[in-house]
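Colleague: Before we discuss the charged pairs, may I see the structure and ask how each label is justified?

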Amino acid sequence: MMDDFTKGQRFVSDFEPELGLGVVDDVTRLSVAVRFPASHERREYARDNAPIRRVRFRPPDRVRGRDGSTFEVASVEERGGLLVYHSRSGESLCEADLSDTISFDKPEERLFAGQFDPPALFDLRSDALRHQHRRRASPVRGFAGGRIDLLPHQLYIAAETTSRLIPRVLLADEVGLGKTIEAGLILHRLILTGRARRVLIVTPDSLVHQWLVELLRRFNLWFHVFDEPRCASIEASREDANPFLEDQLILASLSLFAGRETRVRQARASGFDIVVVDEAHHLAWTPDAASPEYRAVEALAEAAPSLLLLTGTPEQLGIPSHFARLRLLDPARFHDLGAFLDESERYIEVARAADRAANP
């Protein structure tokens, strides 16, 4: 019983098993003091609810004394509140003389020594793991947390995008339909499910702080704003430092990368899981030339497994502009503008034939 403490009894701590085997050092009406010689620590507990557990060996356990001698327990008796272990050959060892370095780290050792929790705690752990599994397997995980209106079209787009193994997507909703919210939903779910740990968001200079506030206010995602002075400060503090390895979630303006090969190279080498580019329709490209902004985004897109482009109506600036954005998503699929135009013409013919078949 916990009330029958006697000096010399051996206990282990439930909360600090690393302290080793303890010995009861002092007992009062309200408290019990336990000394742990192996770790040179001493603890004093309330007598009626001390978080310690009595060490009792049983046949055929092996016990070890302070002098290093060991034997197999054949029988156990109690003398004056202390356990005495006997071997078949007549050896005896009082529990007060047990080795202080005996540990019960392995599960089987704790089981054989009687150091196990009551069934109620096992049931509690089992229920907690079951609830955790249901939460992690929930189809709405990552969506039920943002401070947003639950609009069907935004949730549908976010669900479709995050269901892909490696999403490389162009979000081309009309102005005002919430592309930023959709991108936030996608990032929120990818981060919570562990599919994206390092994120880079690239926006025009005028939208950096708007993105920062929206992500924090609506999704509790704290992004770190990177600009040229911050990158230079990091490089000045440490030789050969890569500024983009300082944080996991980074928000930067497009001007940080346009025409700066060093920054592009550093960002590529830092291993971002996903790159998000806002206002992608402003990235100028023709078959003969590309703007510095387009070349910078193209280099970042090549190095990142996932890519999210936000833009206006796809063909608002012409088919070549739309093709330029598709090149960023899949350069192997969209490698030639002329072939893309021919393929688009065939789509128009198929659509007309389908319309005539549906409306004879």
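The exchange below concerns salt bridges in this predicted model.

Colleague: How many salt bridges does the structure hold?
Modeller: The structure holds 22 salt bridges.

Colleague: Why is the contact between Glu 16 and Arg 43 called a salt bridge?
Modeller: The cut-off is 4 Å between a side-chain nitrogen and a carboxyl oxygen. The closest N and O atoms of Glu 16 and Arg 43 are 3.1 Å apart, so the pair qualifies. This pair links distant parts of the chain, 27 residues apart: Glu 16 is in the loop between strand E1 and strand E2, and Arg 43 is in strand E4.

Colleague: What makes Arg 43 partly exposed?
Modeller: Buried means under 20% relative accessible area and exposed means over 50%. Arg 43 has 21% and therefore falls in between. Glu 16, with 25%, is likewise partly exposed.

Colleague: How do you know that Arg 35 and Asp 25 form a salt bridge?
Modeller: Their N to O distance is 3.7 Å, which is within 4 Å, so the definition is met. Arg 35 lies in strand E3 and Asp 25 in strand E2, so the pair ties together parts that are ten residues apart in sequence. Arg 35 is partly exposed at 35%, and Asp 25 is partly exposed at 25%.

Colleague: Why does the pair of Glu 246 and Arg 238 count as a salt bridge?
Modeller: The closest N and O atoms are 2.6 Å apart, and the limit is 4 Å; the pair therefore counts. Glu 246 is partly exposed at 36%, as is Arg 238 at 41%.

Colleague: Which residues are joined into one network by salt bridges that share partners?
Modeller: Arg 10, Arg 66, Asp 97 and Asp 100 are joined in this way.

Notes: Residues numbered from 1 in each chain as written. Predicted model: local features only at pLDDT ≥ 70, side-chain atom pairs only at ≥ 80, totals over all residues. Heavy atoms only, no water. Helix = DSSP H or I, 4+ residues; strand = E, 2+ residues; numbered from the N terminus. Buried < 20%, exposed > 50% of the residue type's maximum accessible area, 1.4 Å probe, protein only.
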